[in-house]
Amino acid sequence: MQAWRVHRNGEPGEVMRLEETDRPTPGDGQVLVEVRAADVNFPDALLCRGQYQVRPPLPFTPGVEVCGVTEDGRRVLATPALPHGGFADFVVADEAALLPAPDALDDAEAAALHIGYQTGWFGLHRRARLQPGETLLVHAAAGGVGSAAVQLGRAAGAKVIGVVGGPEKAAVARGLGCDVVVDRRSEDVVAAVKEATGGRGADVVYDPVGGDAYAQSAKCVAFEGRILVVGFASGAIPTPALNHALVKNYSVVGLHWGLYNAKDPAAVRACHEELTGLADQGVVKPLVSERVPMAGAADAVQRVADGASTGRIVVLPGGAR
């Protein structure tokens, strides 16, 4: 079979190589899955760079989520067992963690409904307790993670402010349904958020960026607001000023979705049922901006790493519907 493999750490476009290799062999409790679609995530770039919280042995195949078909014919969503990641014709995955692919979505859309939307749902509902009528501020609103949070925020009845970088991404954010869009390249984010909220600020901030985005969030979060720390796509991990959180009465809330797989897998399955229902109703639909053939995977991961993409880029090894 074909698989993209990384033999040394570095930038995805430099270290990912498409090779012929053997199919992975399932271990106890695992199944073989033929990949129909592999969604590109920022953690794939971190894996290539050796900067992710999981460091698989070299050589490895990146790709943290797929839609595929099991040997007994089930169409499923899976998080492949590294080092055999999703940018390959076949992966192995834990049987217990497989989720049924929603019928309302094609393979590329279904692959993108998994980690990003689970992260958004757990973040907004379990960690930040977003309420109808509250204001949700989403950084990188046109990206894969941000676009999911925008849709889920609207489904929860929140007013959504999206922060983006550039007019093209601003147009994408408006298309997603953001009530207010702020272009950080040409506007003062803090001033724009305060103006949009009558000076009150955002009740919940969804931050997959870190760095300057976090600093802006702390300046425009509302009384008893919640800053949800989801990731650090900027590469800069902020150091929160806890005295500032004290005097302004806001919370800094962390989310590592992967922990739920280990500590509360029933909650993950319940979340998937909720997301499937929203997809069936047409309330959420992953924004798949590009569908690329297997040969384009390394370039796709590099563009996500560089922040040069919108929505989700999905790799199609073949046979996708």
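Which strand does Leu-77 lie in? Select Leu-77 and you will find it in strand β5. Keep in mind as you click around that this is a predicted model.

**Stop 1: Leu-77 and its surroundings**

Show Leu-77 as spheres. Is it buried or exposed? With a relative accessible area of 0%, Leu-77 is buried, because anything under 20% counts that way. Now bring up its contacts beyond four places in sequence: among them are Val-66, Cys-67, Leu-98, Leu-99, His-114 and His-272. Ala-110 and Ala-111 belong to that list too. If you draw a distance from Leu-77 to Ala-112, C-alpha to C-alpha, you get 9.3 Å in space for a pair 35 residues apart in sequence.

**Stop 2: the whole of β5**

Widen the selection to residues 75-78, which is strand β5. In a regular strand, side chains alternate between the two faces of the sheet. Here Arg-75 and Leu-77 are on one side, Val-76 and Ala-78 on the other, and all are buried, so both faces of β5 are covered.

Next, add β4, residues 66-70. β4 and β5 run antiparallel and are joined by 4 bridges; look for Val-66, whose bridge partner in β5 is Ala-78. The two strands make a hairpin with 4 residues between them, and Gly-73 in the turn has a positive phi of about 90°.

Then add β7, residues 99-100. β7 also pairs with β5 in the antiparallel sense, over 2 bridges, and here Val-76 stands opposite Pro-100.

**Stop 3: the parallel sheet**

Now colour β8 through β13. These 6 strands form an open sheet with parallel pairing, in the order β10-β9-β8-β11-β12-β13. At the edges you have β10 (180-183) and β13 (251-254), each pairing on one side only. Neighbouring strands of this sheet are turned by 20° against each other on average, direction ignored.

Zoom in on β8 (residues 135-139) and β11 (residues 202-207), which pair in the parallel sense over 3 bridges. Label Leu-137 and you can pick out its bridge partner in β11, Val-205.

Which strands does helix α4 touch? Select residues 115-127: α4 packs on the sheet against β8, β11, β12 (221-229) and β13, and its direction makes about 150° with that of β11. Then try α7, residues 189-196, which lies across β8, β9 (159-164), β10 and β11 and runs at about 165° to β9.

**Stop 4: rings**

Show the side chains of Trp-121, Phe-122 and Tyr-260, a cluster linked by ring pairs. The count of aromatic pairs comes to 2. Trp-121 and Phe-122 have ring centres 5.6 Å apart and planes at 80°, so this pair is edge-to-face; the cut-off for that label is over 60 degrees. Both Trp-121 and Phe-122 are buried.

For another ring, select Phe-90 together with Arg-23. The charged end of Arg-23 sits over the ring of Phe-90, 3.9 Å from its centre.

**Stop 5: helix α5**

Finish with residues 144-155. The 12 residues of α5 should span 16 Å at 1.5 Å a residue, and the end C-alpha atoms are 17 Å apart, which agrees. How many of its residues are buried? The number is 9 of 12, so α5 is mostly covered. Among the buried ones are Gly-144, Gly-146, Ala-148, Val-150, Gln-151 and Leu-152. Following α5 you reach Gly-157, with a positive phi near 85°.

Definitions and conventions. Residues are numbered from 1 along each chain as its sequence is written. This is a predicted model: local features need pLDDT of at least 70, side-chain atom pairs count only at pLDDT 80 or more; totals for chains, interfaces and linings use all residues. Side-chain values use heavy atoms; hydrogens and water are left out. Rings of Phe, Tyr and Trp (its six-membered ring) pair if their centres lie within 6.5 Å; planes under 30 degrees apart count as stacked, over 60 as edge-to-face and the rest as tilted. Buried means under 20% relative accessible area, exposed over 50%, partly exposed in between (1.4 Å probe, protein chains only). A charge sits over a ring if NZ of Lys or CZ of Arg is within 6 Å of the ring centre and within 35 degrees of the ring normal. Two strands pair if DSSP finds at least two bridges between them. The expected span of a helix is 1.5 Å times one less than its number of residues. Axes are lines fitted to C-alpha atoms, for helices over the stretch in contact, and angles run from 0 to 180 degrees between N-to-C directions. Contact means heavy atoms within 4.5 Å.
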